[in-house]
Amino acid sequence: MMNEMKSKKLYSIRTDLACENGFFRKMKEQGKTIDKNGIVITKYLDEDNSCNELYYNIDTRAIKTHDTDDLNNCIDALSDVIIEMKKYLQIKENAKCLIIGLGNINVTPDSLGPMVCDNVIITRHMFVTNQDVSDGITEVSALAPGVMGTTGIETYDIVDAVLKKIDIDYVIVIDALAARATERVNKTIQVTNVGITPGSGVGNSRKELSIKTIGKPVIAIGVPTVVDAVTIASDTIDIVINYIKSHVKEEQDKIFGSFGNLKEEDKKALIDEVLTESGFNMVVTPKEVDLDINDLTNVISGALNKALHPLVN
């Protein structure tokens with residue numbers, strides 16, 4: 001069977017969301033899921049892990065796309081989560097923050113991080129030049145290091161070099177992720193204290209940015225903007241097979257043939273064989289991704305401004 005599926009190559013459908021990889025099921029849910037104006041916030045804490053890994057999953061699937069009121073509700077919800085995460089990490093209100101926007105500004109689904117950096121309120125220059133700064137404004141700087149393909153420099157090395165030159169208390173990293181379910185693309189915001197690995201969303205993982213590697217507390221904010229083509233093909237086949245099984249009671253073996261008896265891993269390997277024949281690892285993003293990225297930029301930058309600069313609210 002196709003050279004035994006090329007030695008039974010197993011294709012693992014990729015996701016960067018903890019809520020999709022079964023991780024949440026192993027964790028103790030802290031309190032109840034909060035429904036805030038149609039935005040569902042779920043908080044999970046891994047108490048069995050010595051690092052006390054904390055995840056927030058902000059599900060915005062129920063809200064209307066591009067609606068101003070809904071976007072403002074998203075800003076409020078994410079701002080509350082950022083403030084809670086800072087308290088959990090025992091970060092003081094006036095702590096010095098470096099915001100890092102990962103991604104490639106020239107590739108729309110990967111431009112979220114750099115675009116957020118362009119829209120947050122930057123204040124570090126006011127502090128280092130001894131300007132009169134009002135209470136409620138904290139010291140914030142931003143960095144969009146680009147990607148290794150355009151800079152030739154590992155993202156971690158750029159961040160490490162910057163941290164050796166400036167005084168920073170903690171880091172907030174923003175990046176685009178990959179989802180397992182198409183319905184979560186551009187509709188889920190994940191916030192965690194475990195750090196983030198640049199390039200993981202497109203299968204090109206680099207050295208992670210976390211408290212273990214940079215020595216500073218890291219709050220990672222990620223949004224899935226792409227989904228694997230294999231995921232879509234696999235889900236489509238499952239839907240067709242289930243539909244036929246529920247509507248056709250006879251001669252299902254003739255309809256499905258040997259394909260209907262394939263194991264799950266063999267089916268995914270077959271799909272992967274077809275989709276990657278050209279040597280490309282294909283990922284898919286919605287056609288309205290430009291509008292979605294603009295909305296997500298406004299939500300994340302607005303939430304950061306609200307959480308880090310209480311005076312501006």
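## How the helices meet

How are α3 and α11 oriented to each other: parallel, perpendicular or oblique? In this predicted model, α3 and α11 are oblique to each other. Helix α3 covers residues 112–119 and packs against α11 at an angle of about 50 degrees, with the two axes 9 Å apart. Angles under 35 degrees count as roughly parallel and those from 65 to 115 as roughly perpendicular, so the pair is described as oblique. Their crossing is right-handed.

On the α3 side, the residues that take part are Leu 112, Met 115, Val 116 and Asn 119. They meet a set of residues in α11 that includes Ile 293, Leu 296, Ile 300 and Leu 304. The residues of this contact divide into seven nonpolar, four polar and no charged.

## The whole chain

Here is some background on the chain that holds these helices. The protein chain has 313 residues, and 46% of them are buried. Its secondary structure comes to eleven helices and ten strands.

Contacts can also be sorted by how far apart the partners sit in sequence. Among contacts in the protein chain with a separation of 6 or more, 74% are between residues 24 or more positions apart.

## Helix α11

Let us take a look at α11 itself. This helix runs over residues 289–308, and at 1.5 Å a residue its 20 residues should span 28 Å. The C-alpha atoms at its ends are 28 Å apart, which agrees with that expectation.

Is α11 largely enclosed or largely open? Of its 20 residues, 15 are buried, so α11 is largely enclosed by the rest of the structure.

## A second partner, α2

Helix α2, residues 68–88, also packs with α11: their axes come within 8 Å and cross at roughly 45 degrees. The two are therefore oblique to each other, and α2 passes α11 in a right-handed crossing.

Among the α2 residues in this contact are Leu 71, Ile 75, Leu 78, Ile 82 and Lys 86. Their partners in α11 include Asp 295, Val 299, Ala 303, Lys 306 and Leu 308. The contact residues divide into twelve nonpolar, three polar and four charged. Ile 300 and Leu 304 of α11 are listed in the contact with α2, and they also appear in the contact with α3.

## The surroundings of α3

Which residues of α3 are buried? They are Leu 112, Gly 113, Pro 114, Val 116 and Cys 117. The buried residues of α3 pack against four strands and a helix, namely β5 (97–101), β6 (140–143), β7, β9 and α11.

## Two buried polar or charged residues

Asn 186 lies in the loop between β7 (170–179) and β8 (188–192). Its relative accessible area is 7%, so Asn 186 is buried, the cut-off for buried being under 20%. Leaving aside residues up to four places away in sequence, Asn 186 touches Thr 60, Val 223, Pro 224, Thr 225, Pro 286, Val 289, Asp 292 and Leu 296. Leu 296 is also one of the α11 residues that meet α3. From Asn 186 to Asp 59 there are 127 residues in sequence, yet their C-alpha atoms are 9.8 Å apart in space.

Asp 228 is found in strand β9, which spans residues 218–228. With 2% relative accessibility, Asp 228 counts as buried. Asp 228 and Ala 179 are 49 residues apart in sequence, while the C-alpha to C-alpha distance between them is 7.8 Å.

Terms used:
Residues numbered from 1 in each chain as written. Predicted model: local features only at pLDDT ≥ 70, side-chain atom pairs only at ≥ 80, totals over all residues. Heavy atoms only, no water. Expected span 1.5 Å × (residues − 1). Buried < 20%, exposed > 50% of the residue type's maximum accessible area, 1.4 Å probe, protein only. Axes fitted to C-alpha atoms, helices over the stretch in contact; angles between N-to-C directions. Parallel < 35°, antiparallel > 145°, perpendicular 65-115°, else oblique. Left-handed = near helix turned anticlockwise from the far one by under 90°. Contact = heavy atoms within 4.5 Å. Nonpolar A, V, L, I, M, F, W, Y, C, P; charged D, E, K, R; others polar.
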